[in-house]
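Subject: A structure to look at

Hello,

I am passing on the structure we talked about, and my notes follow below it. Please have it open while you read.

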Amino acid sequence: ILDIGSGSGENSIHLSLSNYNNKIIACELFKDGNINLVKKIKENNIKNIRLYNGNVLEFLDLLGIKELFNEIWILFPDPWPKNRHHKRRLINNRFIKILSSYLKNNGKLFIVSDSDSYKKAIFMNIYDSKSIFFWKNQRVSEWNYECLGFPETKFYKKAKKSNRNSILFELVKI
């Protein structure tokens, strides 16, 4: 399982504890997040998390192995809210195609966002990638991150405090 932008590792820890037979790779560019995650790994004596401190595209290039992951998670990617910065957003058609090559058939891609403009862009990317992914949770009742039992990450708490709804997109590779 690949956790992209793992931050302080709340989701990586959650994935580790609920998937103890699988390896979790936490990929985070910022050292502070990785330091916090290492502390949590030691505190909980977790053995199935590995860290990559760097850019996810560099990590995937280093792997060289396709169709490796059962799941890829991206929680609260930076929304780059100004229109002139939208080109910096992680989730786009090109990135989704890249991720699909690293997912096994029937592998799942999970994306969570609280930014209204980013959610709209993600919807468009899902539509554009309908030949690669099936959008599994199409009902509004299945989108609500708060009701799904996932960890309260730093950015989820920030969104909740600002009364922004966080939604989960669950895509299955065809």
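In this predicted model, a salt bridge joins the side chains of K108 and E170, with 3.2 Å from N to O. The two residues come from distant parts of the chain: K108 belongs to strand β5 and E170 to strand β7, and their positions lie 62 residues apart in the numbering. K108 is partly exposed, its relative accessible area being 24%. E170 counts as buried because its relative accessibility is 12%, under the 20% cut-off. K136 joins in as well, so look for a network of salt bridges that links K108, K136 and E170.

In total, the structure holds six salt bridges. Here are two more to find.

- R164 and D114: the closest N and O atoms of this salt bridge are 2.5 Å apart. This pair, too, links distant parts of the chain, as R164 sits in the loop between α6 (154-161) and β7, while D114 sits in the loop between β5 and α5 (116-128), 50 residues apart. R164 is partly exposed at a relative accessible area of 35%, and D114 is buried at 12%.
- D116 and K119: the closest N and O atoms here are 3.3 Å apart. Both residues lie in helix α5, three residues apart, which is about one turn of the helix. D116 counts as exposed, with 53% relative accessibility, whereas K119 is buried, with a relative accessible area of 9%.

Now for the sheet. In which order do its seven strands lie? Going across the open sheet, you meet β3, β2, β1, β4, β5, β7 and β6, and the pairing is mixed. The edge strands, β3 (49-53) and β6 (133-135), each pair on one side only. From one strand to the next, the twist averages 20°. As a reminder, strands of a sheet pair through backbone hydrogen bonds, either parallel or antiparallel. Strands β2 (residues 24-28) and β3 run parallel and are joined by five bridges. To see one of these partnerships, start at I25 and look for R50, its bridge partner in β3.

Two helices are worth following against the sheet. Helix α3 (residues 56-63) lies across β1 (2-4), β2, β3 and β4 (69-75), and runs at about 150° to β1. Helix α4 (residues 93-102) packs on the sheet as well, where it touches β1, β4, β5 (103-113), β6 and β7 (167-173). The direction of α4 makes about 140° with that of β5.

Next, the nonpolar interior. In soluble globular proteins, nonpolar side chains tend to be buried together. The largest nonpolar core here has 29 residues, and the members that touch the most others are L2, F69, I72 and L109. Helix α4 gives the most to this core, with four residues. What does L109 touch, if residues up to four places away in sequence are not counted? The list is I72, I74, L99, L103, F133, F169, E170 and L171. You will recognise E170 from the salt bridge with K108. Apart from this core lies another one, of 17 residues, including I13, A26, I49 and W73.

A polar residue also deserves a look. Is N48 buried or exposed? N48 is buried, because its relative accessible area is 9%, which is under 20%. You will find N48 in the loop between α2 (31-43) and β3. The side chains of N48 and S16 are joined by a polar contact of 2.4 Å. The N48 side chain also reaches the backbone oxygen of N22, at 2.9 Å. Leaving aside neighbours within four places in sequence, N48 is in contact with S16, N19, Y20, N22, K23 and I24.

Last on my list is H14, which has its place in helix α1 (residues 10-18). H14 counts as partly exposed, at 26% relative accessibility. Which residues does H14 contact beyond its neighbours within four places in sequence? They are G149, F150 and P151. H14 and P151 are 137 residues apart along the chain, yet 6.7 Å separates their C-alpha atoms.

Enjoy looking around, and write back with any questions.

Best wishes

Conventions: Residues are numbered from 1 along each chain as its sequence is written. This is a predicted model: local features need pLDDT of at least 70, side-chain atom pairs count only at pLDDT 80 or more; totals for chains, interfaces and linings use all residues. Side-chain values use heavy atoms; hydrogens and water are left out. Two strands pair if DSSP finds at least two bridges between them. Axes are lines fitted to C-alpha atoms, for helices over the stretch in contact, and angles run from 0 to 180 degrees between N-to-C directions. Contact means heavy atoms within 4.5 Å. A nonpolar core is a set of buried Ala, Val, Leu, Ile, Met, Phe, Trp, Tyr and Cys residues joined through side-chain atoms within 4.5 Å. Buried means under 20% relative accessible area, exposed over 50%, partly exposed in between (1.4 Å probe, protein chains only). A polar contact is a pair of N or O atoms within 3.5 Å; within protein, one must be able to donate a hydrogen and the other to accept it, and residues adjacent in sequence count only if both atoms are side-chain atoms. A salt bridge is a side-chain nitrogen of Lys or Arg within 4 Å of a carboxyl oxygen of Asp or Glu.
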